[in-house]
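Please open the model in a viewer and keep the selection panel at hand. The tour proceeds by selections, each followed by a description of what is found there.

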Amino acid sequence: MSKRTTGLAVEAEGLTRSFGETRALAGMDLSVPAGTVYGLLGPNGAGKTTAVRVLATLLRPDGGRARVFGHDVVAEADKVRARVSLTGQYASIDEDLTGVENLILLGRLLGLRKPAARQRADQLLAAFGLTDAGGRQVKKYSGGMRRRIDIAASILNTPDLLFLDEPTTGLDPRSRNQVWEIVRAVVAHGTTVLLTTQYLDEADQLAGRIAVVDHGRVIAEGTPGELKSSVGSGTVHLRLRDAGQRPEAEKVVRAALGVPVQLEPDPVALTARVGGEGSDLAASEQAARALADLARAGIVVDDFSLGQPSLDEVFLALTDHPAVPDDERDEQLEAAR
Amino acid sequence: MSDTATTTGRAPSVYVPSAEALATVLAPGERPPRPSALSASLTFGWRALLKIKHVPEQLFDVTAFPIIMVLMFTYLFGGALADSPRDYLQFFLPGIMVTSVVMITMYTGVGLNTDIEKGVFDRFRTLPVWRPSALVGMIFGDLLRYVLAAVVILGVGLVLGFRPDGGLIGVAAGIGLLVVFSFAFSWVWTFFGLILRSEKSVMGVSMMVLFPLTFLSNVFVEPSTMPGWLQAFVKVNPITHLVAAVRSAMAGSTDPSNTMWLLLWSAGFVVVFGTLTMYRYNRR
Ligand SMILES: Nc1ncnc2c1ncn2[C@@H]1O[C@H](COP(=O)(O)OP(=O)(O)OP(=O)(O)O)[C@@H](O)[C@H]1O
Ligand SMILES: [Mg+2]
């Protein structure tokens, strides 16, 4: 038990990997403490999947090195494989087979005898709410059920390290919550989880530490609290009734919050980051003050919200470019010219 | 079809992860010993059988195609090349059986290529099992299709008047040789299935290899009727050795020289293309 939850689960130094001209990993360093959930946060094309595939022994790095529980992912791949499992971004189970068949297949491959594999499959289906669906082909499952059977398959042998590549992308809020609950249970039982996500709130909800990834590199690392306070813990979104009042509203809000205010493409909308490092007031207090000042200035606010910064805002703050993939950004630049 | 399909008539039951239920499956149990190479391969073979069970349409290729081949060539060439289609059939059936089955081996590559596209191989490749087992198992499943195709062709042949002198044992021996060769030859396609980008290109390459290989052989006519340069190719073509060996087995005799060549070719395919395949498989 202690070996599973102490020390470092993953140590990577200077990992590089290119696909033709694309540098998917450009010198990535990671250290993931065992027994925790670690989040890799980044936009499309940041290199998250590539990093996970290298660490899961599916892909050889061009340069750098990585160890999982002290075993080199290239030289001692088999030792690594004995301790990890992977739920890929796209289904990593056989969609033509039924849920039960998939689990029995994997159980047998992990060395269980047929009756034990069958029993394990039934247990897992029950725990993941898939007993009724067990006899159906996986291709007929809903998105949420698919994710669950995929994760069930990954914990068949209670791995020491579980890779979850974007486990909730494309799921509805309920299915997303179910996956989160499962992840929490998994880590509570001593399995280290390395999960990738595009959502700051997901990383925030689950991860003990987060690495923000961009262009194949870690550009910021820390606890969710540390990251957020470096960015500002919240964002105020305002929509005015009258677009004509926006310039004045901007002045009032800037004065109230002491931070720059961003004018959105929508002519009645403004946003501002609050709760940053420089402020000793809580984000909600700052927001309340801004609202009061606006009311006093006679500016009518139709819609107001205080939320966490989005991934895009984190990116803006960390890199001064928004979190859009290269090709889209190129198109935008093109359009701007 | 959806989450609620199984609960029609009742209120859709929503899955709520329960800490206790998850605790029972998450308690780290004893790790069972790693399965042997054979056991892992057979388990992957079982997967191939399950896929046939769930997607039986894939058997169409191994049944309809051979039937069409036999009928077409028997009546197309039978009258011209022998006194009657029935006479030609005695010579031709073992050859067309070999042609059909060898052509079907290309689906191994096509199947592997689509499988890998879908991502399930990512999981297989992170399992601590004997590395080639996923591919060996897949080919085990394909062997069943080869046997099935051979039996279908034999059936059609018997109906049309094929009467092998070797009897049941001779026919079984012939099919056995064919299956051994096909197993070995399948490794050519696993390699192409891994290196080529799409299913279509795998098909394209397969056709380019298979047509000359099967037609420039002794399948349709005796090589003695061909020009010298062509005879030279036909003579070294593994399909020629295979057809000769299968023909004599089915006719109730043995052909040690061709059988030996055939086994040498088979071993060569496994060693060369098996190695290349595993090299690619490990390095994707
Ligand atoms: N097999 C491949 N062949 C060619 N290019 C690839 C391959 N895999 C990844 N790439 C490229 O490498 C870069 C990083 O991709 P990667 O899949 O690691 O990003 P990601 O962070 O997982 O993105 P997403 O959120 O879209 O899943 C991208 O530009 C991608 O196009
Ligand atoms: Mg990805």
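The stops below concern a predicted model and lead from the contact between two chains to a metal site and then to individual residues.

**The contact between chain A and chain B**

Begin by colouring the two chains separately and selecting the residues at their contact. Chain A contributes 59 residues and chain B contributes 47 residues. Between them the chains bury about 4800 Å², with 58% of that area on carbon and sulfur atoms. Next, select A:L58, A:R81 and A:L109: in chain A these lose the most area to chain B, and together they account for 14% of what that side buries.

**Polar and charged pairs**

Now display the side chains across the contact. Eight salt bridges are counted between chain A and chain B. For one of them, select A:E101 and B:K53, whose side chains meet in a salt bridge at 3.2 Å, N to O. The count of residue pairs in polar contact between the two chains, both residues at pLDDT 80 or more, is 18.

To see which elements of chain A are involved, switch to a cartoon view. On the side of chain A that touches chain B, at least two residues come from each of α3 (77-81), β6 (84-87), α4 (99-109), α5 (114-127), α6 (143-154) and α7 (173-188). Sorted by class, that side of chain A has 26 nonpolar, 14 polar and 19 charged residues.

**The magnesium ion**

Select ligand 2, the magnesium ion. Which protein atoms are its donors? They are OG1 of A:T49 and OE1 of A:Q89, lying 1.8 to 2.1 Å from the ion. A:T49 belongs to helix α2 (residues 48-55) of chain A and A:Q89 to the loop between β6 and α4 of chain A, so the pair ties together parts 40 residues apart in sequence. Both donors are partly exposed: A:T49 has a relative accessible area of 26%, and A:Q89 has one of 22%.

**Two residues of chain B**

Move to B:D122, in helix α6 (residues 120-125) of chain B. Is B:D122 buried or exposed? Its relative accessibility is 19%, and B:D122 counts as buried because the cut-off is under 20%. Show its surroundings: B:D122 touches A:R53, A:L58 and A:L86. Of these, A:L58 was selected earlier among the residues of chain A that lose the most area to chain B.

Finally, select B:E30, in the loop between α1 (19-26) and α2 (37-54) of chain B. At 81% relative accessibility, B:E30 counts as exposed. Draw a distance from its C-alpha atom to that of B:F60: the two atoms are separated by 44 Å, and the residues are 30 apart along the chain.

How values were computed:
Residues numbered from 1 in each chain as written. Chains lettered and ligands numbered in written order. Predicted model: local features only at pLDDT ≥ 70, side-chain atom pairs only at ≥ 80, totals over all residues. Heavy atoms only, no water. Contact = heavy atoms within 4.5 Å. Buried area = accessible area lost by both parts, 1.4 Å probe. Salt bridge = Lys/Arg side-chain N within 4 Å of Asp/Glu carboxyl O. Polar contact = N/O pair within 3.5 Å; in protein donor to acceptor, adjacent residues only side chain to side chain. Helix = DSSP H or I, 4+ residues; strand = E, 2+ residues; numbered from the N terminus. Nonpolar A, V, L, I, M, F, W, Y, C, P; charged D, E, K, R; others polar. Donors = N, O, S within 2.8 Å, 3.2 Å for Na, K, Ca; no water. Buried < 20%, exposed > 50% of the residue type's maximum accessible area, 1.4 Å probe, protein only. Lists of a residue's contacts leave out its neighbours within four places in sequence.
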